[in-house]
Amino acid sequence: MIGSLVSTYGQDISMNWTPEHSMKYRSISQTSVSPGGKYVAFVVRTPLMSGEKSEYNQQIWVSASDGSFSHQYTRGEKSSYGPAFSPDGTQLAFLSNREKKAQIFVMRLMGGEPEQITYSEKGISSFQWSPDGTSFAYTQSDPDTEEEKRAKKEKRDVILVDQQYKYTHLYTIPFAEPDTGKRVVQRLTEGAFHINAFDWSPDGKEIAFSHAPTPTINDNFIELDISKVASDSGAVKPLVERPGVDTNPTFSPDGTYIAFESSGGEPQPIGLSDLYVISNEGGKPTPLPQTPDRYASIIDWTPNGENLIVAEPYKTSIVAFSVPVSPVIQEDQEQVSLPEAQKPRILGDTEGTYGAFALSESGKFAYTYEQVDLPEELFLADEIGLPSRQVSNINDNIPLPSMGKTERISWNSSHDGTEIEGLLTYPINYEEGKSYPIILQVHGGPAGVFTQSFTGGPSIYLTQFFAEKGYFILRPNPRGSLGYGKDFRFANFKDWGYGDGDDLLSGLSYVIEKGMADPDRQYLMGWSYGGYMTSFMVTRTQQFKAASMGAGLPNLVSMVTTTDIPDYLVAHFGGEFFDDYETYEKHSAMYRIKNVTTPTQVIHGQNDLRVPFTQGQEFYVGLKRLGVPTEMIVYPRTPHGPREPKFLMDVSPRILAWFEKY
């Protein structure tokens, strides 16, 4: 383990796992370590649910790296997030929507009133300090033209689909306020491309960035290139231009190389993220050693430039890896080559789940850590690989009710013998020899993964809430899941609902055969792809007493023509629906709906663009017309999953009531 989580949480057997109690646990994101590593800044998210409020508030906290203190740094009804220490360590910059749109603010590290730096009409998407601390680079989307503003006022704002993109571009602004009293913004890029990530060169002379042809989420899945531009403006110079995704450019400490994540020169919408480096002068990208899951996200270079630190799912955990780089320049100066390299090395063990990583220029390594029975906190290691210490205490004062234990189990799929892993949570107060009802919960994706994260925290499905009501909860990682390698992730290609469905049912059988779960009381629930599997499984089997489909997609034909990620579906099914209706229909619950007898609840967000609302409506109306017991629950203002805390708390009790009814 990178560091040890020392429990300061006492269990309170008198308390219950209500949705209200789960909402008390707070989460951490967006960490930043100060130069020299004396302080760590991080963002804490808290729900606001009093009266008419149902929203999340984010505020920045700062902890001493020795653990001597941890204090809230920003306050107010408006959120502050994205903390970044100045290069000299005396200032902390952050984004805040206290002026309606997100703007850059700076506050002295020792406190005081924050100074607003930007006054962007559309708001700031992301920012970075320049290496010398004299300016910021930031991204924002294109503002409305005067004609567009008039059209909105005069109610003439007709939408022309795929013709009115607002691209995100790169700008700079000085930190110090000039004598004139107004900072001058300099635009660095413009044109028909959309920037999604960028990084300053260490000498501050250039900025590398990745960009898609449009702002659509679909194009960001399938086509991203990398270019760079002088930080004082100038022509954009392409660095990586090839099919597929090349993204998140990150300069080496000496500025010689740029590391990036890549699908390897071809689109891979199912999901592939390998690591490459390229000379800052251009040339041919060189692949680095592949991580086990080939789904790496760059955290940063090590200070000596010899390794990349990346994050990646690994079975039922999320961990950091150290990936050797040590590049050398070939004589022709066109290609970076690698000496014989070792395999990427896991930094720590695979118990629990790590996240929100940050690495300082001095080598201090911050991250969050949680276990199935302990909530998330922030830790800091003085060097990568050394033991760490806990530097936050945001959940210390929230008592833990008695918990159902969670264990990692594995079984062989009836489909082809493939080993499948999952997490099994026991009913609270479980008695050996007694059988209990069991809930099969299916994750989203399909390239999602159930990890060893805290089971008592807020989520759509409240694990300990169901465990307290006397249920086993089985959360499998079937083929298609992250964390088990590329071949496993691609193993449900053109096979949704069958091989992966067998993986799920085999896990249920495994638990039932052990005599722990009652075969006459099986239940099914899942969101997104988990909702898809719910809809499909009730057409395959009548073994479930009741089911709950959350944001499910029962009709792949209508789904691919209405979702905002059509290429993701097309990639999984090997071609367009109009060229292969048979495959799309074979894997769609709507074309098998007459097989359904299981009482099935339908839950959906009214404003869902990922899995459009009509998908849930199709299944609900179909079931209703068949005479199958059903109900539909719609959350207004809700995209692909509840964003309002009161709605989030509402889901599990409604599912439980549906299950208890049957």
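Reader: What share of the 662 residues of the protein counts as buried, and what makes a residue buried?

Author: Buried means under 20% relative accessible area, with over 50% exposed and partly exposed in between (1.4 Å probe, protein chains only); 58% of the 662 residues meet the buried criterion. This is a predicted model, in which local features need pLDDT of at least 70 and side-chain atom pairs pLDDT 80 or more, while totals for chains, interfaces and linings use all residues. Residues are numbered from 1 along each chain as its sequence is written, and side-chain values use heavy atoms, without hydrogens and water.

Reader: Why is the protein called as compact as a globular protein of its length?

Author: The protein has 12 helices and 40 strands, which are DSSP runs (H or I, at least four residues; E, at least two) numbered from the N terminus. Its radius of gyration, taken over C-alpha atoms, is 25 Å, close to the 26 Å from the globule rule (2.2 Å times the number of residues to the power 0.38) for 662 residues, so the description applies. Along its principal axes the C-alpha trace spans about 75 × 60 × 60 Å.

Reader: What share of the contacts with a separation of 6 or more joins residues 24 or more positions apart?

Author: With contact meaning heavy atoms within 4.5 Å, such residues account for 59% of those contacts in the protein.

Reader: How many residues of the lining of the second largest pocket are nonpolar, polar and charged?

Author: Ala, Val, Leu, Ile, Met, Phe, Trp, Tyr, Cys and Pro count as nonpolar, Asp, Glu, Lys and Arg as charged, and the others, Gly among them, as polar. By this rule the lining divides into 26 nonpolar, 19 polar and 4 charged residues.
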